[in-house]
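Reader: Please show me the structure. I would like to go through it step by step.

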Amino acid sequence: MVSSFFYLALVLYLIATGGFVVFIIRQEKWVFRISLWFLIAAFAFHTLFLGIRAYGLGTIPVLDLKSAFSFFSWSVVLIYLIFYRKFRLMVLGAFVAPVATLLMVVSSTMRWPETAIGPAFKSAWLVVHIITIFLGDALFAITFIAAVVYLVQERQIKTKRLGSIYRRLPSLATLDSINHYSLIYGFPLLTIGMITGSIYAQLNLGTYWQWDPKEVWSLITWLFYAALLHERLTVGWRGRRAAIMSIICFAVLLFTFIGAGLWMGGYHSFGNLGLRKAL
Amino acid sequence: MSIILNIGMNHQTAPIELRECLASDPMTTKKALATMRDTEEIKEAMFLSTCNRVEALVVAEHMDRAWEIVVNLMGNLGNMGDRSFTDHLYRHEGLQAVRHVFRVASSLDSMVVGEPQILGQIKAAYLEATKEKTSGVIINRLMHRAFHVAKRVRTETGISEAAVSISYAAVELAKKIFHELEGKKALLIGAGEMAELAARHFMANGIRSMAVANRTLERAVEVAQEFGATAVSLQEIPYQLLDVDIVLSSTASSEVVITRDMVKACLRKRRNRPLFFIDIAVPRDIDPRVNELNNVFLFDIDDLKGITESNLEQRRKEAGKAERIVEEEVIKFDRWLKTLAVVPTIVSLREKAEAIIRGELERSSGVLASLSPRQKEAVEILSRSIAEKIINDPILFLKGKADRPTLPTYLDITRKLFNLDENVEKE
């Protein structure tokens, strides 16, 4: 029953993605509107699914990699919908929806974990830790997409080869301000996420920091984004350089999320969270 | 049966001297309409006169007589004694005329395909015709359909999407870089006609603040006054670069006016806010290597020409799509024209009545179920005879008008009163 909401959301995401792709080719507004509604419907079912799971578990349902992908997908769509309200960027949907769908597809291929969990996971610190980290990561994912689009667009303008995609992309100023805003909101979220995570670790493991691979890589990611934020705010970086830097930052972030989470072991990795070796 | 006839000349069929003869007097349209209104032969008329085209659209019984009348009219209006100008006229009849009107309204017949002005000119010409009371059922309908076609072509094809003039292309690029031009500042260096035109486009698109630099300050002051801008000297350019966003340059200087170092020096102080340079001068005023700097975009005259040319190419491709839309609409219009005869209207009236009877009997079938077959039959006969009585007078009236010139008007009113065009209208 609960998982049927998950698959319903997945199907709706797939339809929305198809719609957005058609939109970017045909450029007809009604296609976009319908796709957006599919995306919103998918998001609603996804939220319902997460809500029921959270109620059943008694904590935030992001303790295994399957759920992490699904929750990340949800966060990306949430951030896109918020950005859509602010910037009305239709084209971005054509890039965001496939990413969210891909994450859902990856998630759907994984097995459901067993449901019983220890009381250590039922902590408000953990909930805040996970929500802030994921929303921050989702903001950075959208920054990344905007940065790639920026570079494509900038290249076309610089080389004076205005291809067929040119007319469909948003202006450089808009893409750059997405970079700016998502950094300004994403960085504090990431910071809060790391602080609450470390408080949670202190409460449950007795230490704030234990040089776990994921902890270390998170710190590295944080430093990268701190550098980008610094350059933007004090030196006045913008445009191409900021775009390239946010792509690098996101690569580091992805490595932390997937690489450090999967292959490098440690108490923080999803594999070990699922088996509850650490706690 | 009346027929639609279109007679005229455009930029392709007639030289400018000839078109000038007819387009020079602003009262031409009014005079033409007045003459045609007073002519028995011509039932409806419209007259369009722009710098690229002069044409008359008339509805008449006899094509050849209407042709004579219009040609005479044009000859008189343009003071063209001999009839040699008729070689430059085109003549479209019936559906061909409909197609022509749709194509003109959608800017497919324009010198610059896709230019938007023509639609406004047609609307004005139509307004004139309605004021002079020369338009009737057919022209009214034709014009409304033409506006509809033009709108479809504009929204469904990319025909008027891409800029085909250099100033427009520059403004579009600026919007692609800055998103909006409100609050942005421009610097105009030198004063060529083309640069001033481009500056005017920028002002029309939201630029509020502008500075004008020139070799001689007097000339700068002169141009600045024209734009409500401030005048600066060439030596001040490096300082100006600190806070302007768009630079338009077209000096006669043989040397580079803005160097790479000059731009590079200001970037950090500008906190890397984007700078957009448009260099319309030949030889160029701005060092081409400026384009290599981050957040600096340089377009010279050849770049802009390249864009407008590829846009023109794109418009030509989109024109194919537009022609298909026009064909579709011509077919729809033809279907409507054919209903403008007595017999089809009477048939539709009867069909409508029959459909209502059936619908209502269907709706009341629950109540009628308890009646005996004989009673049911009586109800049906009763409803049928009521309906027939109601439409009988309109039918007799229409038949009585069959040979009158006012027939289309009455048919049109009938179709509207009874809403007979439901199916034709659906799209």
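Reader: In what order do the six strands of the open sheet in chain B lie?
Author: This is a predicted model. The pairing in this open sheet is parallel, and neighbouring strands are turned by 20° against each other on average, direction ignored. The order of the six strands is S7-S6-S5-S8-S9-S10.

Reader: Which are the edge strands of this sheet?
Author: An edge strand here pairs on one side only. Two strands of chain B fit that, at residues 230–233 and 296–300. They are S7 and S10.

Reader: Which residue stands opposite B:Val232?
Author: B:Val232 lies in S7(B). S7(B) is joined by four bridges to strand S6 of chain B, residues 209–214, and the two run parallel. The residue opposite B:Val232 is B:Ala213.

Reader: Why does the end-to-end distance of helix H6 of chain A agree with its 34 residues?
Author: Helix H6 covers residues 172–205 of chain A. At 1.5 Å a residue it should span 50 Å. The end C-alpha atoms of H6 lie 47 Å apart, so the distance agrees with the expected 50 Å.

Reader: Which helix gives the largest share of the largest nonpolar core?
Author: The largest nonpolar core has 127 residues, and among those with the most contacts inside it are A:Ile142 and B:Ala186. Leaving aside neighbours within four places in sequence, the contacts of B:Ala186 include B:Phe202, B:Met210 and B:Leu248. The largest share of the core is 16 residues, and it comes from residues 124–159 of chain A, helix H5.

Methods. Residues are numbered from 1 along each chain as its sequence is written. Chains are lettered from A and ligands numbered from 1 in the order in which they are written. This is a predicted model: local features need pLDDT of at least 70, side-chain atom pairs count only at pLDDT 80 or more; totals for chains, interfaces and linings use all residues. The expected span of a helix is 1.5 Å times one less than its number of residues. Two strands pair if DSSP finds at least two bridges between them. Axes are lines fitted to C-alpha atoms, for helices over the stretch in contact, and angles run from 0 to 180 degrees between N-to-C directions. A nonpolar core is a set of buried Ala, Val, Leu, Ile, Met, Phe, Trp, Tyr and Cys residues joined through C-beta atoms within 7 Å. A residue is buried if 20 or more other C-beta atoms lie within 10 Å of its own, exposed if 12 or fewer, and partly exposed in between; C-beta atoms are placed from the backbone. Two residues are in contact if their C-beta atoms, placed from the backbone, lie within 7 Å.
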